[in-house]
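Please look at the sequence and the structure below. The paragraphs after them go through the chains, some of their helices and a few single residues.

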Amino acid sequence: MISSLSPQLLIKPNTATTLSPIPHVQNQRFKLASHVCPSELLSIRKRPGSACAATTQHRRYLLFPAEEEEEEEREVKFTSDAPALAEGLQREPMPRHVAVIMDGNRRWAHLRGLPVRSGYEAGVKSLKTLVELCCKWGIRVLTVFAFSSDNWFRPEVEVEFLMSLLETGVKEETESFIRERIRISVIGDTSKLPKCLEELVINVVETTKNNTRFQLIVAVSYSGQYDLVQACQRIAMKVKDGLIEPNDVSESLIEQELETNCTEFPYPDLLIRTSGELRISNFMLWQLAYTELFFSQSLWPDFGEAEFLEALKSFQQRCRHYGK
Amino acid sequence: MQKVYSWACQIGNLGLWIIWLLIHFAVDLWYFALHIACAIESYLISSGILKRYKALDIDKLRYLAIVIESEEAYHIPAVIQLLQWLVDIGVKHVCLYDAEGILKKSKESILGKLNNATLFEEAGESNLLLDHKHITLEFASFPDGKEAVAKAANLLFMKYVKLGGSGKIQEEKIFTEAHMSEALRAVGCKGPEPDLLFVYGPVRCHLGFPAWRIRYTEIV
């Protein structure tokens with residue numbers, strides 16, 4: 001039975017595996033039970049794929065789905081550190097770093113006749129869902145474009161609301177970040193933020209800096225051109241201090257000084273932009289050279305598990321050559 | 001009784017399965033027909049029989065960039081054909097990019113095969129406005145991206161070091177986005193920000209197209 005498992009499902013030696021196979025059914029899918037600590041026992045159930053051609057036994061399941069769980073169930077226990085994946089998603093290739101431009105909050109609110117703030121509040125819920133999914137599926141870094149340098153030109157009321165939303169979000173979730181071992185990093189020109197928010201950001205970054213399970217990078221008051229310019233400013237200070245010769249400045253030196261160097265994986269493998277817009281809007285310009293771009297039609301508050309799955313499946317079908 | 005019930009279930013399942021197959025077939029047929037219609041339309045437009053592009057309003061498209069994956073960039077006749085179509089549509093300024101610089105090396109042959117095509121660097125504004133079928137071409141490759149930013153930064157660093165003795169210079173005044181743009185022009189990266197960027201190849205990334213220039217570029 002174990003030999004018929006997907007080769008991507010790694011089972012450690014001397015471990016036991018729980019399986020619920022259904023024989024003679026094409027397009028078998030194995031689904032790991034989620035929300036279980038790696039050290040606990042996991043039960044894997046095989047379910048027929050939704051698009052598979054039905055066999056005689058599968059046709060029976062259409063009227064009697066409960067029977068598939070009782071019929072010929074063999075149990076082998078196992079423990080595994082492998083993250084639980086959704087149906088149809090392969091273990092490899094999985095992006096290590098996903099970047100998201102969270103666009104469409106205002107349109108979402110407008111379509112529903114709601115105030116703009118409702119759109120942003122709904123957007124926060126989508127972000128929480130996405131963080132949970134990333135943790136569940138083994139994605140190591142998520143960068144979100146929360147507030148662009150250009151957004152400062154929006155109406156003052158809206159900007160103030162966004163700042164207060166950020167402040168509330170950080171305060172409410174700090175404990176959760178610590179508990180879930182999530183590291184928070186913030187990139188962008190934080191000197192433009194209200195003082196209380198700036199201090200809060202410094203505090204949460206410092207408090208979570210040793211967390212290693214997952215990293216959430218929030219881009220606030222950020223732009224790709226700003227990132228490059230501030231990298232040059234930092235190099236200039238090193239030149240002034242005599243640490244570097246002006247002629248020694250190279251691409252790799254610039255890369256080391258970019259704000260995204262706060263992570264082990266500074267280059268996103270996948271960029272998702274919601275709301276159907278086809279631009280990167282001055283986001284991580286230097287870092288996105290070989291990043292796979294996925295433009296989703298969903299507005300950000302509507303971006304959930306199904307939409308994220310679609311983006312990941314699209315990523316897994318692509319052939320990345322990195323320009324070679 | 002149980003036998004009858006079992007038979008009824010099997011017939012019911014069979015019926016549902018047949019309905020599912022029919023729906024699946026109908027959807028497949030629909031998409032197949034759409035695909036055929038698109039293929040026929042593309043053929044008619046490519047062969048010049050159907051000139052739907054005449055109704056296109058491309059005034060908004062001031063600068064088009066085309067990123068071609070390196071393997072595809074070797075197909076120069078296909079690139080020339082694409083540029084010919086763009087001339088027919090009325091596109092006036094195009095930047096051709098491939099990471100390895102294959103198109104840059106074939107610059108002369110591409111310009112030679114197209115009528116009324118000039119290099120972007122050599123074209124003057126007065127020439128561009130007179131001729132409707134004129135096109136300017138810019139050729140770019142990977143060194144025009146990150147390497148160019150590093151060169152531009154070096155230019156600013158040299159200026160910074162020269163003026164550093166005065167004690168009045170701050171890094172923020174020398175290194176600004178405007179100064180970086182100016183420095184990029186000084187090192188030869190004079191092209192404007194494209195309005196639209198087409199990517200040809202199996203990938204969906206811009207393969208290192210000069211990042212400074214694609215802040216708000218639509219990518220297709």
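Chain B contains 9 helices and 6 strands. The structure is a predicted model, and the values below are computed from it. Of the 220 residues in chain B, 39% are buried. If we take the contacts in chain B between residues at least 6 apart in sequence, 68% of them join residues at least 24 apart.

Chain A can be described in the same terms. Chain A has 9 helices and 9 strands. Of its 324 residues, 52% are buried. Among the contacts in chain A between residues at least 6 apart in sequence, 75% link residues at least 24 apart.

A single helix is a good place to look at burial in detail. Helix α3 of chain B runs over residues 76-89, which is 14 residues. From its first C-alpha to its last it reaches 20 Å, close to the 20 Å expected at 1.5 Å a residue. Which residues of α3(B) are buried? They are B:I76, B:V79, B:I80, B:L82, B:L83, B:L86 and B:V87. These residues cover an arc of only 160 degrees around the axis, so they sit on the same side of α3(B). A general rule helps in reading such a list: an α-helix has 3.6 residues a turn, so residues three or four places apart point the same way. Just after α3(B) comes B:G90, with a positive phi of about 110 degrees.

Helix α6 of chain A can be read in a similar way. It covers residues 195-207, has 13 residues and reaches 18 Å from its first C-alpha to its last, close to the 18 Å expected at 1.5 Å a residue. Its buried residues are A:L197, A:E198, A:L200, A:V201 and A:V204. Seen down the axis of α6(A), they fall within an arc of 160 degrees, so they line one face of the helix. On the face turned away from this buried side are the exposed residues A:K195, A:E199 and A:I202. What covers the buried residues of α6(A)? The cover includes α5 (156-179) and β6 (182-187) of chain A.

Next comes the packing of one helix against another. Two packed helices are described by the angle between their axes and the distance between the axes. For α5(A) and α6(A), the angle is about 20 degrees and the axes are 10 Å apart. Angles under 35 degrees count as roughly parallel, and α5(A) and α6(A) are therefore roughly parallel to each other. The crossing of α5(A) past α6(A) is left-handed. On the α5(A) side, the residues that meet α6(A) are A:M163, A:L166, A:E167, A:V170, A:K171, A:T174, A:F177 and A:I178. Their partners in α6(A) are A:C196, A:L197, A:L200, A:V204 and A:T207. A:L197, A:L200 and A:V204 also appear among the buried residues of α6(A).

Another pair of helices involves both chains. Helix α7 of chain A (residues 224-240) and helix α7 of chain B (residues 146-163) pack at an angle of about 45 degrees, with their axes 11 Å apart. That angle makes α7(A) oblique to α7(B). The crossing of α7(A) past α7(B) is right-handed. In α7(A), the residues that take part are A:L228, A:C232, A:I235, A:A236, A:V239 and A:K240. They meet B:V149, B:A153, B:F157, B:Y160 and B:V161 in α7(B).

One residue of this pairing, B:V149, can be followed further. B:V149 lies in helix α7 of chain B. Is B:V149 buried or exposed? Its relative accessibility is 5%, so B:V149 counts as buried. Leaving aside neighbours within four places in sequence, B:V149 is in contact with A:L228, A:I254 and A:W286 of chain A, and with B:M180 and B:L184 of chain B. B:S181 is 32 residues away from B:V149 along the chain, and their C-alpha atoms are separated by 9.3 Å.

Finally, there are two residues to check for their backbone angles. Most residues other than glycine have a negative phi. A:S221 is not a glycine, yet it has a positive phi of about 55 degrees. A:S221 is part of strand β7 (residues 214-222) of chain A and, at 1% relative accessibility, counts as buried. B:L207, also not a glycine, has a positive phi of about 55 degrees. B:L207 is in the loop between β5 (196-200) and β6 (218-219) of chain B. With a relative accessible area of 4%, B:L207 is buried.

Key: Residues numbered from 1 in each chain as written. Chains lettered and ligands numbered in written order. Predicted model: local features only at pLDDT ≥ 70, side-chain atom pairs only at ≥ 80, totals over all residues. Heavy atoms only, no water. Helix = DSSP H or I, 4+ residues; strand = E, 2+ residues; numbered from the N terminus. Expected span 1.5 Å × (residues − 1). Buried < 20%, exposed > 50% of the residue type's maximum accessible area, 1.4 Å probe, protein only. Arc of directions from axis to C-beta. Contact = heavy atoms within 4.5 Å. Axes fitted to C-alpha atoms, helices over the stretch in contact; angles between N-to-C directions. Parallel < 35°, antiparallel > 145°, perpendicular 65-115°, else oblique. Left-handed = near helix turned anticlockwise from the far one by under 90°.
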